[in-house]
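Grab a pencil and work through these exercises with the model open beside you. Try each task before you read its solution.

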Amino acid sequence: MNYPPIDHSKYAYTRRSDQGIPWSTDLRHIDILYRLSLALPPDSLIVEIGCWRGATATAYLEAMRYRQDLRLRLYDIKLRKQLKHLVWRSGPNVRDRVEIVDQPCWHDLSDPAALAFIDADHGWPALADLASCLAVGCRVIAAHDVHYDSPEAHGSRLLGDILRASHYRRYYEDYEVRPGEWTERGFIVSWPLADSDWVLPALPPLTPACTNVPLAGVPV
Ligand SMILES: C[S@@+](CC[C@H](N)C(=O)[O-])C[C@H]1O[C@@H](n2cnc3c(N)ncnc32)[C@H](O)[C@@H]1O
């Protein structure tokens, strides 16, 4: 089925600089989260760990407009007004399937999400987030800032190293330097080798040699 691209202009407020922080996840990576969400198996749960102003949450909320069977759980220890507004504005059909949790996921993540996106605290808690996702059997695990060259991102870089090194999972990532974007900070998608009943959507070209799979229509 062909779904329309996200109209990102509707969500400019989720990316607008506040508190002196101008950046958020790049639109091309938000688009990947959207395409992954649309391709999930029936009745899937999506989990996001670290939502901030809601820029990445737009991906799942948009997909949920077309997929009535998807559910979403958003974890953030400090809920921003933009995120609450975003969820409210998604309308009753969508927001009734959204749960917002204002604590770290390791306190209560018990359901295996079909898609989990990790983008919270980039220090050691990133590893606790990854451990929680792996422990409950999350299938597709995506994460941001896995190449971010900054002392505060040691946890998210290590998270990327672990997903790349796994003998039980495959991965796709992008950390290309692009003018006007922050993609060099790194975005990774990882999924279990053993899954055979779901097909990863063909994903756009990415940094050369940053995948251990052929890219189109990968059975996972
Ligand atoms: C990098 S921002 C998320 C950006 C967002 N995914 C985007 O691209 O628009 C990190 C967020 O994680 C939240 N956070 C920090 N530690 C957390 C934790 N242990 N569990 C959940 N959220 C956490 C912060 O409050 C912040 O909103």
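**Exercise 1. Find which residues come nearest to the ligand, and sort the shell by class.**

Step 1: Of the 18 residues around the ligand, the nearest are T25, G50, W52, A55 and A120. A residue counts as near if its C-beta atom, placed from the backbone, lies within 6 Å of the molecule.

Step 2: Sorted by class, the shell has 9 nonpolar, 4 polar and 5 charged residues. Here Ala, Val, Leu, Ile, Met, Phe, Trp, Tyr, Cys and Pro are nonpolar, Asp, Glu, Lys and Arg are charged, and the others, Gly among them, are polar.

Before you go on: this is a predicted model, where local features need pLDDT of at least 70 and side-chain atom pairs count only at pLDDT 80 or more, while totals for chains, interfaces and linings use all residues. Residue numbers start from 1 along each chain as its sequence is written.

**Exercise 2. Take W52 and D43: for each, say where it sits and whether it is buried or exposed.**

Step 1: W52 lies in the loop between strand 1 and helix 2. Helices (H or I, at least four residues) and strands (E, at least two) are DSSP runs, numbered from the N terminus.

Step 2: W52 is buried, because 22 other C-beta atoms lie within 10 Å. The cut-offs are 20 or more other C-beta atoms within 10 Å for buried, 12 or fewer for exposed, and partly exposed in between, with C-beta atoms placed from the backbone.

Step 3: D43 sits in the loop between helix 1 (27–38) and strand 1. With 10 other C-beta atoms within 10 Å, D43 is exposed.

Step 4: Now check phi. It is positive in W52, near 55°, and positive in D43 too, near 60°; neither residue is glycine.

**Exercise 3. Work out the strand order of the sheet and find its edges.**

Step 1: The open sheet has 7 strands in the order 3-2-1-4-5-7-6, with mixed pairing. Two strands pair if DSSP finds at least two bridges between them.

Step 2: Strand 3 (98–101) and strand 6 (169–174) are the edges; each has a single partner strand, so one side of each has no neighbour in the sheet.

Step 3: Look at strand 4 (residues 115–118). Strand 1 (residues 45–49) runs parallel to strand 4, joined by 4 bridges, and I46 stands opposite L115. Strand 5 is also parallel to strand 4, again with 4 bridges, and F117 stands opposite A142.

Step 4: Strand 5 (residues 140–144) and strand 7 (residues 187–192) run antiparallel, with 4 bridges. H144 faces F187 there.

Step 5: In a regular strand the side chains alternate between the two faces of the sheet. In strand 4, L115 and F117 point one way, A116 and I118 the other, and all are buried.

**Exercise 4. Find the buried side of helix 3 (residues 81–89) and what covers it.**

Step 1: The buried residues of helix 3 are Q82, L83, L86 and V87. They span an arc of only 130° around the axis, so they lie on the same side of helix 3. The arc is that of the directions from the helix axis to the C-beta atoms.

Step 2: The face turned away from that side carries the exposed K81, K84 and W88.

Step 3: The cover over the buried residues of helix 3 includes helix 2 (57–66), helix 4 (92–95) and strand 3. Contact here means C-beta atoms, placed from the backbone, within 7 Å.

How values were computed
Contact = placed C-beta atoms within 7 Å.
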